[in-house]
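Hello,

Here is the structure we spoke about. Please look it over first; my notes on it follow below.

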Amino acid sequence: MNMLTSTLDLIGNTPLVRLKGPSDAAGCDIFGKCEFANPGASVKDRAALYIVRDAERQGLLQPGGTIVEGTAGNTGIGLALVANALGYKTIIVMPETQSQEKKDTLRALGAELVLVPAAPYSNPGHFVHTSRRLAEETDNAVWANQFDNIANRRAHIETTAEEIWAQMEGRVDGFTCAAGTGGTIAGVGLGLKAKDENVTIALTDPHGASLYNYYANGELSAEGTSVAEGIGQGRITANLDGAPIDTQFRISDEEGMIWVRRLLAEEGLCLGLSSGINVAGAVALGKLLGPHARIATILCDTGFRYLSTIYNPEWMRSKNLDPMPWQMDSAAQ
Ligand code: PMP
């Protein structure tokens, strides 16, 4: 193993692991990209680093400057770490509905946290618009703008896709994941298609998001709801624009939770719900592509970020979802 000269070099180069249960269920090989192994414990560290480096290159960030962003949490955590390493401050605007762990983590990392009520994108109080205004009002500040700043997807074209291709030794039949900003699906999709245009890129959409219908029939419309944090998009962000999506799946929270439970109980991986939804999508893609397929998906973040939500039996019951079977007794006490 090589020695690294900068803590920022800890971002990326994550392991890729064959997932036994999902591979058995699909009858092919399913691999998970371990993005929880990044320093901020999520896939968003990559986008955070690229966005900050891009702002520096454009001269938008001066020494001692402030990075402002609206985020479901993980991008804020990545930005706060990158900012600390490079001598910047961070102001993070987040919907108050996100997990307590993410709020506590952001404050612990030194970010200034601004919580706003959850609101539709059309509402000026939405966390994205609030963060843009705050950036405009703050001296020497830059708005990271992860949804429409394509430095986000460039991180995945130049790093995640390259790594998956190398780790799978150039034999990739399919890739799937869900979209928050769309940076991961579009970036990995574009990167893998540049290597081999026959790689099937599938969007895995949670309920309550509009992209499944958009890619199926051109209509941005949603059905149902989801408690998954960080995914579920209602518009074509700049990062999603031109994403090479070949097919799409709609995955419920219940289906995603089956894989969150199984990956923890059978393979010792503690993950968030977006990872479970991605794995359910990968199993669906595997069944579509057949027995010799080699499919990659993203294990987006650590489950330790959700001890108060999906790993909390009372919280799960309040959302009409089944707690982990091994937590049933403690819930009844
Ligand atoms: N899962 C989680 C837990 C996330 O925080 C995010 C980022 N919002 C995603 C998945 C989706 O990543 P992207 O923004 O690249 O679409």
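One definition before the ligand: Ala, Val, Leu, Ile, Met, Phe, Trp, Tyr, Cys and Pro count as nonpolar, Asp, Glu, Lys and Arg as charged, and the others, Gly among them, as polar. On that basis, the shell around the ligand has 10 polar, 6 nonpolar and 3 charged residues.

Please note that this is a predicted model. Its scores are ipTM 0.99 and pTM 0.96. Mean pLDDT for the chain is 96. Of its residues, 99% reach 70 or more.

Now the domains. The assignment splits the chain into domain 1 (7-37 + 156-319) and domain 2 (43-143). Their C-alpha centres are 24 Å apart. Across the boundary, 23 residues of domain 1 are in contact with 16 residues of domain 2.

Which elements give two or more residues to the side of domain 1 that touches domain 2? They are helix H6 (151-167) and helix H7 (183-195). H6 gives the most, with 3 residues. By class, that side of domain 1 holds 12 polar, 6 nonpolar and 5 charged residues.

Back to the ligand. It is surrounded by 19 residues. The closest are Gly180, Thr181, Thr184, Gly230 and Ser274. Where does the shell come from? Domain 1 and domain 2 each supply at least three of its residues.

When you open the file, I would start with those five closest residues, Gly180, Thr181, Thr184, Gly230 and Ser274. Then turn to H6 and H7 on the domain 1 side.

Best wishes

How values were computed:
Residues are numbered from 1 along each chain as its sequence is written. This is a predicted model: local features need pLDDT of at least 70, side-chain atom pairs count only at pLDDT 80 or more; totals for chains, interfaces and linings use all residues. A residue is near a molecule or strand if its C-beta atom, placed from the backbone, lies within 6 Å of it. Domain bounds come from an automatic or database domain assignment. pLDDT is the predictor's confidence in each residue, from 0 to 100. Two residues are in contact if their C-beta atoms, placed from the backbone, lie within 7 Å. Helices (H or I, at least four residues) and strands (E, at least two) are DSSP runs, numbered from the N terminus.
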